[in-house]
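The following exercises are to be worked with the sequence and the model side by side. Each task is followed by a solution in steps.

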Amino acid sequence: MADPPGCCRPCATCLLCLYSCQWITTKKEKRKGLRTTKCDCSWFLFLFCVFLFTLVWLYFAIIILNDFHNFNEFIFKQRKLWLDWSLVLIIATAVLITYSAVLLVLALCLQLCGQPLKLHWLHKTLLILTALVVAAAFTGLGIKWAEEWRSARISLQATGPFLHIGIVGGMTLLAWPLATFIYRTRSTGLKVFLLLVYCTVMIALYLAPLGIASPCIMEENQLPPKPALVGHRGAPMLAPENTLMSLHKAVDCDVQVFETDVMVSADGVPFLMHDEELTRTTNVQAVFPERAALNSTTFNWTDLQQLDAGSWFLERRPFPTVQSLSAGDRYQVTEQRIPSLEQALEAAKQSNISIMFDLRPENHSDYQSFVNATLEVILQSGIPLQQVLWLPDGFREQVKQQAPGIQQVYGRKRLQNEKEPLLHVNLPYQDMSSEEIRQYRQDNISVNLYVVNQPWLFSVLWCSGVSSVTTNACQVLKEMKHPIWLLPSSTYLMIWIVVDCASFLVILWAFLLLK
């Protein structure tokens with residue numbers, strides 16, 4: 001068999017070596033044992049499916065980065081080991097997608113060169129392992145982190161139009177090796193089957209925009225105001241969470257609300273702390289090693305004041321931004337202590353920002369006394385009560401009676417026939433659709449969604465009309481003056497038509513040229 005035009009023998013031999021791990025030196029060897037069999041075609045199909053499978057996982061990996069800090073915290077609570085697992089995720093995913101992509105490109109080049117697709121057994125083994133690893137990742141995601149499936153659906157509102165263009169482009173390029181294979185194969189049934197499958201997929205892709213809905217497909221003058229920023233435990237990418245430094249950094253980011261968590265010490269002093277144990281965000285293991293595993297509410301205020309609440313931030317580097325801290329900020333970090341609620345209220349009052357908090361742990365036997373101690377500190381602080389946003393559900397009616405000026409924020413959607421209309425809701429961003437956000441906005445209900453760190457997600461919620469978002473990345477979202485993209489519907493329609501028509505013409509050209 002002569003070498004196909006445009007594909008020199010050294011190139012074809014090199015490609016075959018990488019794909020099949022065999023050197024072909026004579027025409028006799030080529031005729032003798034290296035033909036593309038049905039089994040080889042099946043392995044090529046398996047390779048293509050593994051590549052798509054891994055590509056979908058790469059998309060999921062990028063999407064879940066918005067929430068990956070929660071996963072890091074979960075692993076720490078279980079194993080007492082801190083590591084930025086997002087780096088492990090991205091590196092492992094990059095290796096898998098690169099390997100399958102290189103194999104696929106090799107196979108397509110071999111097909112264009114008229115060479116046999118003899119996949120080596122080592123590649124077959126590694127492809128099976130790749131498929132098993134990705135399947136295990138998806139299974140784990142579904143079992144332990146099911147809400148991320150809803151995150152993926154939301155992400156399609158941001159990426160749908162661009163994914164459509166990318167997939168149409170990829171399938172269009174696939175027309176060249178497909179046409180080459182169809183004209184070379186002798187099986188009429190296989191030809192018809194491949195053409196039917198390819199045409200069906202392309203028609204579906206051409207019509208896909210009819211099912212793409214994005215809140216960012218709108219006119220410029222319809223764009224709602226930019227959502228207000230709520231600092232999640234302050235500005236935790238710039239300072240240790242739930243410290244006064246974190247509060248002040250959040251103020252520098254123009255946040256309107258400082259979101260935090262409150263616990264009450266054994267001697268009745270409310271203080272800021274998220275975890276029930278002190279091990280993650282203090283040096284309690286060094287100061288009180290025998291009590292390190294105890295609930296933070298068992299410590300009195302004098303003991304809590306002995307703890308360093310900042311140095312862990314430099315040691316564990318919970319976010320990549322820690323590396324860029326100035327020398328002055330690093331020194332200030334080491335000086336941080338656990339703040340009392342009284343100190344936080346005073347700082348919020350001076351900075352003229354609101355404060356929103358949960359009161360933990362909700363299942364504590366003395367929870368009512370926690371509520372009483374917290375209310376007492378708020379009323380004595382002198383902060384305007386409208387700057388206090390109350391999240392806890394426990395003893396809410398008591399709070400309304402003793403401090404009616406405090407704004408009540410609910411962690412649920414409104415109910416039918418609600419006796420008292422909700423004015424503020426605080427929910428995970430996965431729990432509200434764009435349609436619900438618009439309806440709440442029309443009914444003058446303030447909607448705050450958490451935790452929103454990535455610009456793509458912030459853009460979707462901005463276009464939807466959300467009132468505010470809780471974020472770890474206030475320094476990033478502060479700089480956004482506009483959603484990442486905004487397309488008038490007429491422009492999107494024009495892009496859709498141009499892309500589909502261009503794709504159809506290229507596919508037609510490929511089949512006519514190679515005939």
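**Exercise 1. Backbone exceptions**

Task: Locate Asn-242 and state the sign of its phi.

Solution. Asn-242 is found in the loop between β1 and α10 (244–252). Its phi is positive, at about 55°, although Asn-242 is not a glycine. This reading belongs to a predicted model.

Task: Determine which peptide bond next to Pro-361 is cis, and where Pro-361 lies.

Solution. The cis bond joins Arg-360 and Pro-361, with omega about -10°. For the location, Pro-361 falls in the loop between β4 (354–359) and α16 (367–381).

Task: Characterise the peptide bond from Tyr-450 to Val-451 as cis or trans.

Solution. This bond is cis, and its omega is near -20°. Val-451 belongs to the loop between β8 (446–450) and α19.

**Exercise 2. Confidence**

Task: Decide which stretches should not be read in detail, starting from the pLDDT of the protein.

Solution. Begin with the overall value: the average pLDDT is 92, and 96% of the residues score at least 70. Next, look for stretches of low confidence. Over residues 1–6 the pLDDT stays under 50, and the model has 10 contacts beyond four places in sequence for them. Residues 28–32 also have a pLDDT that stays under 50, with seven contacts beyond four places in sequence. Finally, apply the general rule: where pLDDT is low, the predicted coordinates should not be read in detail.

**Exercise 3. The disulfide**

Task: Find how many disulfides the structure holds, and establish the handedness.

Solution. The structure holds one disulfide. Its partners are Cys-216 and Cys-463, whose sulfur atoms are 2.2 Å apart; the cut-off for a disulfide is 2.5 Å. The torsion about the S-S bond of Cys-216 and Cys-463 is about 100°, and the disulfide is therefore right-handed. The pair links distant parts of the chain, 247 residues apart: Cys-216 sits in the loop between α9 (188–207) and β1 (228–232), and Cys-463 in helix α19 (residues 455–464).

**Exercise 4. Packing of two helices**

Task: Classify the packing of α3 and α7 from the angle between them, and describe the residues of the contact.

Solution. Helix α3 spans residues 38–64 and helix α7 residues 147–173; their axes are 10 Å apart and the angle is about 110°. Because angles of 65 to 115 degrees count as roughly perpendicular, α3 is roughly perpendicular to α7. On the α3 side, the contact is made by Tyr-59, Phe-60, Ile-63 and Ile-64. The α7 side includes Glu-148, Trp-149 and Leu-163. By class, the residues of this contact are eight nonpolar, three polar and one charged.

**Exercise 5. Annotated spans**

Task: Compare the UniProt features with the secondary structure of the model.

Solution. The unreviewed UniProt entry places "transmembrane region" at several spans, among them 163–183 and 192–212. Residues 163–183 are 95% helix and 0% strand, with end C-alpha atoms 30 Å apart. For residues 192–212 the content is 76% helix and 0% strand, and the end C-alpha atoms are 31 Å apart. The unreviewed UniProt entry also places "domain: GP-PDE" at residues 227–481. That span is 34% helix and 16% strand, and its end C-alpha atoms lie 11 Å apart.

Notes. Residues numbered from 1 in each chain as written. Predicted model: local features only at pLDDT ≥ 70, side-chain atom pairs only at ≥ 80, totals over all residues. Heavy atoms only, no water. pLDDT = per-residue confidence, 0-100. Contact = heavy atoms within 4.5 Å. Axes fitted to C-alpha atoms, helices over the stretch in contact; angles between N-to-C directions. Helix = DSSP H or I, 4+ residues; strand = E, 2+ residues; numbered from the N terminus. Parallel < 35°, antiparallel > 145°, perpendicular 65-115°, else oblique. Nonpolar A, V, L, I, M, F, W, Y, C, P; charged D, E, K, R; others polar. UniProt positions renumbered as here; feature names shortened; annotations may be inferred.
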